[in-house]
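Open your viewer and keep the selection tool at hand. This short tour goes from side chains to strands and back again.

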Amino acid sequence: MRFLLHLGAMLAVALVLGFGLSWYALSDGRMFGAIQIGPWQAWKNVGVPSPDPYTRAFIARSGALELGATEGIQFVATIDSDNRRLDRNCRYRIDGKTPAARFWTLVPVSPEDGAPITRPDGPADFHSARLSRAGDGSAALYVSRTLAPQNWLEITGEGPFNLVLSLYDTSSLSGVGSEVAALPAIIREACA
């Protein structure tokens with residue numbers, strides 16, 4: 001009888017550990033195929049003909065239509081550069097250069113369904129063809145519910161949100177050993 005109790009306890013621990021690691025692999029995934037650059041995360045094997053099992057599971061779990069490997073790569077930020085959850089009550093400055101890409105977009109979205117959270121009668125995203133830049137090519141982009149200078153997207157609602165940066169027709173992460181040198185910082189400036 002005692003043996004069966006120990007066996008049952010070991011089985012319960014194994015199940016909890018197995019499910020816990022599976023949840024981690026599918027939600028965070030840095031140890032299982034996802035890459036992290038500052039607050040930005042991407043699954044670099046999404047869109048390849050034979051993705052690894054963790055990437056396939058991520059695609060199935062997210063249910064999103066992903067870019068093909070030759071089309072580009074998509075980075076998602078759920079936190080700012082200081083590891084705080086993105087919050088619609090705060091103003092954020094996305095500051096720095098984007099990697100080389102023919103075209104890119106930056107969209108604030110709901111974490112529940114991926115729908116844009118910008119004002120319905122305003123622009124839905126930033127894109128590389130519609131913004132003002134500094135002399136060195138960098139751009140400061142603002143995402144908030146309150147007015148901000150220069151490049152600004154007004155968001156609506158309450159609670160957390162994600163930022164999705166899609167790089168189209170880019171060589172970033174496409175070759176052996178290739179990496180993205182840097183992605184823009186996400187700086188929390190003020191909260192309501």
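Is R84 exposed, partly exposed or buried? With a relative accessibility of 33%, R84 counts as partly exposed. Keep in mind as you look around that this is a predicted model.

**Stop 1: salt bridges**

With R84 still selected, add D82. The two form a salt bridge in which the closest N and O atoms are 3.3 Å apart. D82 is exposed, its relative accessible area being 55%.

Next, select R93, D95 and E189. The side chain of R93 meets that of D95 in a salt bridge, at 3.4 Å from N to O. R93 also forms a salt bridge with E189, where the closest N and O atoms are 2.5 Å apart. The R93 and E189 pair links distant parts of the chain, since R93 sits in strand β4 and E189 in strand β10 (residues 185–191), 96 residues apart. Both acidic partners can be checked for exposure: D95 is partly exposed at 30% relative accessibility, and E189 is partly exposed with a relative accessible area of 31%.

Now go back to R84 and D82, and add D80 and R188. Salt bridges with shared partners join D80, D82, R84 and R188 into one network. The structure has nine salt bridges in total. As a general point, side chains of opposite charge can pair when their charged atoms come close.

**Stop 2: the disulfide**

Select C90 and C191. They form a disulfide with sulfur atoms 1.9 Å apart, and the structure holds one disulfide. C90 belongs to strand β4 and C191 to strand β10, so this pair ties together parts that are 101 residues apart in sequence. Which hand does the disulfide of C90 and C191 have? The torsion about its S-S bond is about 95°, so the disulfide is right-handed. Colour the two cysteines by accessibility: C90 is buried at 3%, whereas C191 is partly exposed with a relative accessible area of 43%.

**Stop 3: aromatic pairs**

The structure holds two aromatic pairs. Begin with Y92 and F161, an edge-to-face pair with 5.8 Å centre to centre and 70° between the planes. Y92 lies in strand β4 (residues 90–96), while F161 lies in the loop between β8 (151–154) and β9 (162–168), so the pair ties together parts that are 69 residues apart in sequence. Y92 is buried at 0% relative accessibility, and F161 is buried at 0% as well.

Then select F103 and Y168, a tilted aromatic pair with 6.2 Å centre to centre and 35° between the planes. F103 is in strand β5 (residues 103–109) and Y168 is in strand β9, so here the parts tied together are 65 residues apart in sequence. F103 is partly exposed, with a relative accessible area of 32%, and Y168 is partly exposed at 28% relative accessibility.

**Stop 4: the sheet**

Switch to a cartoon view and select β5 and β9. These strands pair in the antiparallel sense over seven bridges. For one residue pair to centre on, take W104, whose bridge partner in β9 is L167.

Finally, extend the selection to the whole sheet. What is the order of its six strands? The open sheet runs β1-β2-β3-β9-β5-β6, with antiparallel pairing. At the edges stand β1 (34–37) and β6 (126–127), each with a single partner strand, so one side of each is left without a neighbour in the sheet.

Terms used. Residues are numbered from 1 along each chain as its sequence is written. This is a predicted model: local features need pLDDT of at least 70, side-chain atom pairs count only at pLDDT 80 or more; totals for chains, interfaces and linings use all residues. Side-chain values use heavy atoms; hydrogens and water are left out. Rings of Phe, Tyr and Trp (its six-membered ring) pair if their centres lie within 6.5 Å; planes under 30 degrees apart count as stacked, over 60 as edge-to-face and the rest as tilted. Helices (H or I, at least four residues) and strands (E, at least two) are DSSP runs, numbered from the N terminus. Buried means under 20% relative accessible area, exposed over 50%, partly exposed in between (1.4 Å probe, protein chains only). Two strands pair if DSSP finds at least two bridges between them. A salt bridge is a side-chain nitrogen of Lys or Arg within 4 Å of a carboxyl oxygen of Asp or Glu. A disulfide is a pair of cysteine sulfur atoms within 2.5 Å.
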